[in-house]
Every structure is written in C-alpha cells, then in structure tokens.
Amino acid sequence: MPAVPIADDCLFEFIHAELVNYVASSSKGDHDVSTLEYLGFCCGYRIIERLTKDWPRFKDELDTLKFMCTDFWSSIFKKQIDNLRTNHAGVYVLLDNNFRLISKMSSGNQYLEVAPRYVTFTCGLLRGALANLGIHCVVTSEIKTLPACAFHLEVRRS
Amino acid sequence: MSRQGTRLDQKKVNSELFTLTYGALVSQLMKDYENVDEVNKQLERMGYNIGIRLIEDFLARTGTGRCYDFRDTAEKIQSAFRLYLGISPQIMNWSSSGDEFSLQFDSNPLTEFVELPDHCLNLKYCNVLTGVLKGALEMVQMDIASCFVQDHLKGDPCTELRVKFIKRLEDAIPAGED
C-alpha cells in the first residue's frame, strides 16, 4: 500500500461533474457560473500552496506561467498546455487542444452551449493558483470547437 | 522548459485536488442550505450519481464477476476502496445473519485537512460515500443501506461505516416477453 493516499483520476472527473450539475441545477439564471469559478478559486488557492512549498522561487511572471502550463497542468490534466502565447504586456493565452474535462463530450460543435460550464471551474483554479503566487489576473475561457479550449489570462497590475 | 530536481507527484496532486474539490463542494452546500440534514441528503444523492458511473469503471478495470454472497461483496468493496482512494478499510462486526457489516477506516483521504466547526456536528462529512455504495451496488442488483455510526471528525476513535443488505433487486422482464 502506498504511503500517500491515492485518489484515482476518474474520481475528480466525477466529483467535478456533480459539482457542475449541482451549480447548474440550483442557480436561478442560466449563466450563473460565478459559484463554480469561486469554488475553483478556493481549490486553486489552497492546492498551489502545498504544491510549490518545495519548489525553487520563480524568476518572473513568465516563469510562473510556464510552471502552470507544464508541471501544474500535467499533474492535474495528464497533459501539458499545447500552446502558450503572450504579448509580454500581461496577456496570456493558454491553449489546450484536448482539454480533459470536455474531451469525452464531443469532437465538434455538439454540446457547444453547455461546454463552458465544464471549464469554469478550471478558470477559477488557474486564477486561485496564480493569486497565491502573487499574480492577480482575470481568467476567461473560449471554446470554438470541442475538445479544444483556450484560457485567456489578463494580469491586473496595480 | 521544465526544471530539474523536484517534481510534482501526480498521484498526490490528484488526491489533494480531489480532497479540496470535495471540501469546496461541502462548504458550498453548507452555505446554500440552512439545514444540515438537507446537506447530508444532497451529498448522498451526489454520491449515488457518482456510484452508478463508478461501478462501470470498477468492473471494467478489475474484471470481477458476480458476488456469490454478501461476504464476497464486502471484500470487493474493500478492494474498490484500495483502488480508488488507496485505503483498506477493515471489515468487521458481522451480524449473525451475515447481512450487515462495518467498514472501519483508520485514515480517510476525504477528511484530510478537515476540521469540523462546532455548529455542524450533525454534518456527515463523508456522506458521499454512502451514496456511492448505494448507487454502485444498485447497478449490480443489490439494495443496501449504509450509514456512519462513528466518525473520526466528531472525536470518535475511528470512522465506521455500517452497511446493511436489504434485498436483491430482480431484473424486470421487458414487456411483451415471456
């Protein structure tokens, strides 16, 4: 038996699906996904603290983002972000061509309307994780065709 | 692009993410419902939805056949806990008729980083598990009931889940067939 308890991958998928289901069914408006985003934020904020405690300090913002795209992403979603673009002025676009939480839904335009609610939690997760690393940003997602998903990050500098 | 040296442990990250997500879910439910019993009910319902899907994954992954008796079922439930949560609860306290047993957990990944505040002593934090068991076993034609009789979070020495066999569900014959 391993020393660290393991939660098999699919458990997270199931609990996430239930979360989406619950929020979607309990919210009055059709577009009330802020709860989901908030829940993601809480998780991201907490988990990053534990993940990076033995990690060397990040050099700068780009370095932090690279960490999110490679190690963070692959440990949660089993693959790295496929493409990271930036305008070097605080806007980043993270493109995942086969995003795990929507990869089993469809490969085309079917379910395009409901897909956003399955990535909102992850937006919050990113925002929370970065917030705890000292980068305050707004994260939005964009899905053109399933199962690809782009996350837009806009860093707020004060 | 990535560094040498320290690496993230995938299994650990996943397990922690699962724990934290579940925690976020419970706290959201506590916010939404005033009544703790209602939260317990919601958790069980969600567990039920998870269970009916999880059993498919379990059967596909392990390739186990039918259970011959309830003892057999108990052992398979134990192995499922090992597979999904990495824990092996002990099976104990069989009733004399053999239709009731307890699962005793020493540690529980769901309750890692968790402490219950005083005002929610009625909250069954892990109630999702009772739902998962019910949903999963219903898919293999078994009707069971389960509840937590001891809970580590409430100061008991261990967490104990009591499982009771109710009845075997029969496949209904489709209409128009003999």
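## A walk along the A–B interface

Start by selecting the contact between the two chains: 42 residues come from chain A and 43 residues from chain B. Keep in mind that this is a predicted model. Together, chain A and chain B bury about 4,200 Å², and 67% of that lies on carbon and sulfur atoms.

Next, go for the charges. The rule finds two salt bridges across the interface of chain A and chain B. To see a salt bridge up close, pick Arg50(A) and Glu16(B), whose side chains meet at 3.0 Å, N to O. While you're there, look for polar contacts too: five residue pairs make them across this interface, both partners at pLDDT 80 or more.

Now colour chain A by helix. Helix 1 (9-26), helix 2 (34-51), helix 3 (61-77) and helix 4 (120-132) of chain A each put at least two residues into the side that touches chain B. Which helix gives the most to that side? Select helix 1 of chain A, which supplies 10 residues. Recolour by class, and the side of chain A that touches chain B splits into 25 nonpolar, five polar and 12 charged residues.

Last stop: hop over to chain B and show helix 2 (residues 36-62) and helix 3 (residues 70-85), whose axes come within 12 Å and cross at roughly 90°. That crossing makes helix 2 of chain B roughly perpendicular to helix 3 of chain B. For the contact itself, turn on Leu54(B), Asp57(B), Phe58(B), Arg61(B) and Thr62(B) in helix 2 of chain B, then Lys76(B), Ser79(B), Ala80(B), Leu83(B) and Tyr84(B) in helix 3 of chain B. By class, the residues of this contact are five nonpolar, two polar and three charged.

Terms used. Residues are numbered from 1 along each chain as its sequence is written. Chains are lettered from A and ligands numbered from 1 in the order in which they are written. This is a predicted model: local features need pLDDT of at least 70, side-chain atom pairs count only at pLDDT 80 or more; totals for chains, interfaces and linings use all residues. Side-chain values use heavy atoms; hydrogens and water are left out. Axes are lines fitted to C-alpha atoms, for helices over the stretch in contact, and angles run from 0 to 180 degrees between N-to-C directions. Helices (H or I, at least four residues) and strands (E, at least two) are DSSP runs, numbered from the N terminus. Angles under 35 degrees count as roughly parallel, over 145 as roughly antiparallel, 65 to 115 as roughly perpendicular and the rest as oblique. Contact means heavy atoms within 4.5 Å. Ala, Val, Leu, Ile, Met, Phe, Trp, Tyr, Cys and Pro count as nonpolar, Asp, Glu, Lys and Arg as charged, and the others, Gly among them, as polar. Buried area is the accessible area (1.4 Å probe) that two parts lose on being put together, summed over both. A salt bridge is a side-chain nitrogen of Lys or Arg within 4 Å of a carboxyl oxygen of Asp or Glu. A polar contact is a pair of N or O atoms within 3.5 Å; within protein, one must be able to donate a hydrogen and the other to accept it, and residues adjacent in sequence count only if both atoms are side-chain atoms.
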